[in-house]
Amino acid sequence: MKETVELLGLTKSELVSFVETLGEPAYRGRQIFGGLQHRRLRSFDEMSDLPKPLRSRLEEVGRASSLRVESRYISEDGTRRYLMKTQDNLPVETVFIPEEHRDTICFSSQSGCPLQCTFCLTAQLGLLRSLSAAEIVEQIIIALNDAYGVGVKPPRGTNLVAMGAGEPFLNLESLMKALRVMSDADGLYIVPNRVTVSTAGVVPKILELATVPDRPHLAISLAAPTDELREELMPINKRWPLAELLSACKTFEKTLKPGERFTFEYVMLAGVNDSDEHARQLANLLNRHGLTAKVNLIPHNPADPLPYQPSPPERVDEFKSILESKGIHVYVRRPRGRDIFAACGQLAARHSTLIETNSIGV
Ligand code: SF4
């Protein structure tokens with residue numbers, strides 16, 4: 001059987017080459033690219049500017065969409081969470097977060113995740129598989145179509161964060177391909193400068209990204225200031241302990257260009273990693289490695305089977321003050337979509353007890 005090509009994962013020039021193999025002129029490739037990426041159409045049938053025989057041929061050899069939305073939840077704060085399924089029936093989760101001046105879409109890079117962070121529900125799924133570039137791009141298209149209508153230009157800028165399910169650096173090739181596709185001015189036009197990729201600390205890939213000129217912003221999930229505690233919370237630390245991770249971060253930091261963001265994420269778990277001593281250890285760790293990156297404190301989002309609670313706001317404030325007293329820039333992230341389990345670490349929660357189940361055709 002001939003392989004079906006996922007056209008959403010092709011750049012404009014790849015689409016041009018693809019249609020040429022079908023004996024079509026180059027402009028048809030550009031037309032299809034515009035249909036998929038600019039008009040955000042999810043079937044060839046809707047591309048009425050293409051001749052019918054070409055549409056039928058495309059149906060045979062290619063695919064305009066692979067994901068289907070199984071459920072959608074809308075939070076009181078406007079956050080939308082989508083549970084989707086791939087063609088091979090694996091779960092994919094995406095969250096759309098509207099804000100005053102921009103929207104943020106949190107997408108998944110893998111179905112499930114092979115890493116075993118103990119504060120994250122997705123970890124319990126294990127790795128089902130890495131997503132293709134097309135499946136990454138399609139999450140963005142689905143969220144934008146649902147929020148604004150098919151092909152309607154978003155009124156605000158769109159930021160992307162690779163902080164949904166999966167470890168993006170274990171699927172870096174597809175991720176970077178998806179970013180190349182999305183950066184095209186004739187398509188979604190979301191450039192890498194609008195994208196943040198968060199890693200649990202895959203050191204060789206941090207070093208690889210340090211050599212890439214046109215890259216997304218980087219965030220490192222730390223969660224603990226000592227190897228002992230980090231190994232417990234994020235077992236990846238056994239493979240790449242803090243000294244190695246932070247030395248890679250320093251190498252990366254040296255390559256930062258003006259306007260690039262590089263942050264550390266620190267999920268705050270009550271009574272686990274949020275003491276005054278932890279704050280001092282964290283500040284000393286970053287200062288010892290000469291890192292000037294900002295720290296984002298993220299109050300943990302409780303999810304039933306996980307044994308953690310969020311740090312109380314006073315604790316977060318105290319933790320923040322200690323870091324600041326030692327010269328660290330700190331930001332406290334406000335949780336969004338908690339009521340629909342869309343907040344960080346809550347993806348994969350409540351799969352079996354849906355709050356609202358819709359079959360929607362976005
Ligand atoms: S926090 Fe991220 S890297 Fe860790 S298990 Fe969850 S999805 Fe994977």
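I looked up the first helix pair: the axes of α1 (residues 12-21) and α2 (residues 26-38) come within 7 Å and cross at roughly 130 degrees. Axes here are lines fitted to C-alpha atoms, for helices over the stretch in contact, with angles from 0 to 180 degrees between N-to-C directions. The model is predicted, with pLDDT of at least 70 needed for local features and 80 or more for side-chain atom pairs, while totals for chains, interfaces and linings use all residues. Residues are numbered from 1 along each chain, and side-chain values use heavy atoms, without hydrogens or water.

I took helices (H or I, at least four residues) and strands (E, at least two) as DSSP runs, numbered from the N terminus.

α1 and α2 are therefore oblique to each other (not under 35, over 145 or 65 to 115 degrees, which count as roughly parallel, antiparallel and perpendicular). I then listed the contact (heavy atoms within 4.5 Å): α1 gives Lys12, Leu15, Val16, Val19 and Glu20, and α2 gives Ala26, Arg28, Gly29, Arg30, Ile32, Phe33 and Leu36.

Next I checked the second largest pocket (on a 1 Å grid over the protein atoms alone, an open set with protein on both sides within 12 Å along at least five of seven lines; lining residues have an atom within 4 Å of a point). Its lining has 17 residues, with Lys153, Pro154, Gly187, Leu188 and Tyr189 nearest the centre. α2 and β9 (157-162) are the elements that each give two or more residues to this lining.

Definitions and conventions. On a 1 Å grid over the protein atoms alone, a cavity is a set of points where a 1.4 Å probe fits but cannot get out, and a pocket is an open set with protein on both sides within 12 Å along at least five of seven lines; lining residues have an atom within 4 Å of a point.
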